[in-house]
Amino acid sequence: MIHPLDPPDAAGKLTPYKVASDMATTDAKRERAALSPSDFLDLDSLLSDEERLIQATVREFVRDRVLPGIGEWFEEGVFPLEVARELGGLGLLGMHLSGYGCAGTNAVSYGLACMELEAGDSGFRSFISVQGSLAMFPIWKFGSEEQKEEWLPRMASGEVVGCFGLTEPDFGSDPAHMRSFARMDGSDWVLSGTKMWITNGGIAGVAIVWAQTDEGVRGFIVPRDTPGFSTKDIERKLSLRASVTSELVFDECRLPADAVLPGVQGMRGPLTTLSEARFGIVWGVMGAARACFESALEYSKTRIQFGKPIGSFQLTQEKLVNMLVELSKGTLLALHLGRMKDEGRLAPEQVSVGKLNNVREALRIAREARTILGASGITLEYPVIRHMNNLESVLTYEGTSEIHTLILGQALTGLDAFG
């Protein structure tokens with residue numbers, strides 16, 4: 001049984017998650033398996049009691065509500081919105097934000113939730129990343145008090161789903177040259193343009209849309225029922241199938257003056273927002289990698305060839321060890337970046353290190369795990385091919401590996417290699 005996040009106490013402090021009785025004991029005396037393959041370096045000991053409780057709660061939710069259906073959802077290309085909205089009941093939507101119905105957890109707790117959700121499927125981590133970091137965060141960071149009070153409580157509960165409109169058909173890695181434009185007409189804004197590859201677009205009740213204006217790039221809150229706003233879901237995907245990906249079309253959408261986010265102007269707005277989402281990815285992909293590693297490890301101990309388990313072969317053990325080392329390193333990197341974020345000293349370029357490394361290594365782990373499973377690795381009976389396909393999308397979105405390489409190259413040399 002999963003219990004929702006307790007409300008803040010009178011002092012505004014977050015009270016701990018409740019979990020099932022078999023997970024309730026979290027003190028130093030609890031028993032641990034020595035050298036657990038899933039936590040070989042005992043990183044769990046670096047977490048606080050509350051962080052462990054949050055992780056356990058989300059892991060249980062994934063076990064009970066995501067894993068039983070994910071193979072079918074992926075195969076049919078269906079996103080179970082009813083399950084996703086339960087995430088709001090757990091307090092996971094916008095959980096790292098404070099006030100307005102948000103849980104106000106620390107960054108590490110948010111990262112752990114992302115990791116456990118993506119161990120289930122990237123589609124569920126994408127859902128909370130888009131909801132909390134790409135849609136709720138810019139309202140929380142750059143919105144007016146009225147905008148925050150209107151939208152954030154309903155988005156935190158899951159009543160309203162949000163999406164983030166930045167990427168365009170011809171401008172993905174170069175959003176500064178987007179063609180979407182909003183012009184003033186009297187006291188109203190009139191928005192026109194097209195956005196592409198938008199997660200949650202077809203199910204969103206509100207879109208945070210970035211567009212050119214005469215005064216620079218601005219962010220707009222666009223409700224679903226705005227005349228001239230339409231969406232079209234992208235079909236025939238072979239990746240992120242259990243997730244909604246859409247095209248957004250704005251045809252002379254008339255918005256009131258207070259639809260614009262007043263607290264930011266220029267590309268700082270969308271880029272700051274992207275950094276929030278990239279942080280969640282740094283953690284999330286380690287969950288997918290862990291699921292692939294665990295599947296391959298278990299399979300290697302039961303698959304018999306030449307009269308013995310393939311896990312006894314030197315080449316298989318080398319693969320498993322390499323996977324373990326990179327999984328451990330990537331999780332340590334995520335935790336270090338999380339602690340830096342909680343201390344208020346995490347730079348966007350440092351997030352790029354995590355995004356570049358962890359997605360790349362998670363994809364390598366998934367591919368290596370597939371080789372251990374052999375032909376079984378291409379079926380949905382095991383999670384590996386599903387994670388592998390999903391990670392191909394994660395490698396591209398929120399900044400391709402090439403873009404993060406150039407971000408880091410510029411940080412190192414001081415020279416701009418873009419364009």
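**Buried contacts, strand pairing and a nonpolar surface patch**

Ser 126 is buried, with a relative accessible area of 2%, a value that falls under the 20% limit used for this class. In this model, which is predicted, Ser 126 belongs to helix α4, a helix that covers residues 122–142. The side chain of Ser 126 makes a polar contact with the side chain of Tyr 397, at a distance of 2.7 Å.

Several strands of the model are arranged in pairs. Strands of a sheet pair through backbone hydrogen bonds, and the pairing can be either parallel or antiparallel. Four strands form an open sheet in the order β4-β5-β9-β8, and their pairing is antiparallel. The edges of this sheet are occupied by β4 (181–185) and β8 (229–233), each of which has a single partner strand, so that one side of each is left without a neighbour in the sheet. From one strand to the next, the twist averages 10 degrees.

Within this sheet, β8 is paired in the antiparallel sense with strand β9, which comprises residues 245–255, and five bridges connect the two. One of the residues concerned is Phe 229, whose bridge partner in β9 is Phe 250. Strand β9 also contains Arg 254, a residue that is partly exposed because its relative accessible area of 43% lies between the limits of 20% and 50% that separate buried from exposed residues. Although Arg 254 and Ala 182 are 72 residues apart in sequence, their C-alpha atoms are 9.3 Å apart in space.

A further antiparallel pairing, over six bridges, joins strand β6 (residues 206–211) to β7. In this pairing, Ala 211 has Arg 218 of β7 as its bridge partner. The hairpin of β6 and β7 has six residues between the strands, and in this hairpin Gly 216 takes a positive phi near 105 degrees. Strand β7 itself, made up of residues 218–223, is largely enclosed by the rest of the structure, because five of its six residues are buried.

At the surface, a nonpolar patch of about 460 Å² is made by Leu 35, Phe 40, Leu 41, Leu 46 and Leu 332. Among these residues, Leu 41 lies in the segment before α1, the helix of residues 49–76. Leu 41 counts as partly exposed, because its relative accessibility is 46%, and this value is also over the 30% that is required of a residue in such a patch.

Methods: Residues numbered from 1 in each chain as written. Predicted model: local features only at pLDDT ≥ 70, side-chain atom pairs only at ≥ 80, totals over all residues. Heavy atoms only, no water. Patch = residues over 30% accessible without salt bridge, like charges linked within 9 Å, V, L, I, M, F, W, Y side chains within 5 Å. Areas by Shrake-Rupley, 256 points an atom, 1.4 Å probe, with all protein chains shown as cover. Salt bridge = Lys/Arg side-chain N within 4 Å of Asp/Glu carboxyl O. Buried < 20%, exposed > 50% of the residue type's maximum accessible area, 1.4 Å probe, protein only. Pairing = 2+ DSSP bridges. Axes fitted to C-alpha atoms, helices over the stretch in contact; angles between N-to-C directions. Polar contact = N/O pair within 3.5 Å; in protein donor to acceptor, adjacent residues only side chain to side chain.
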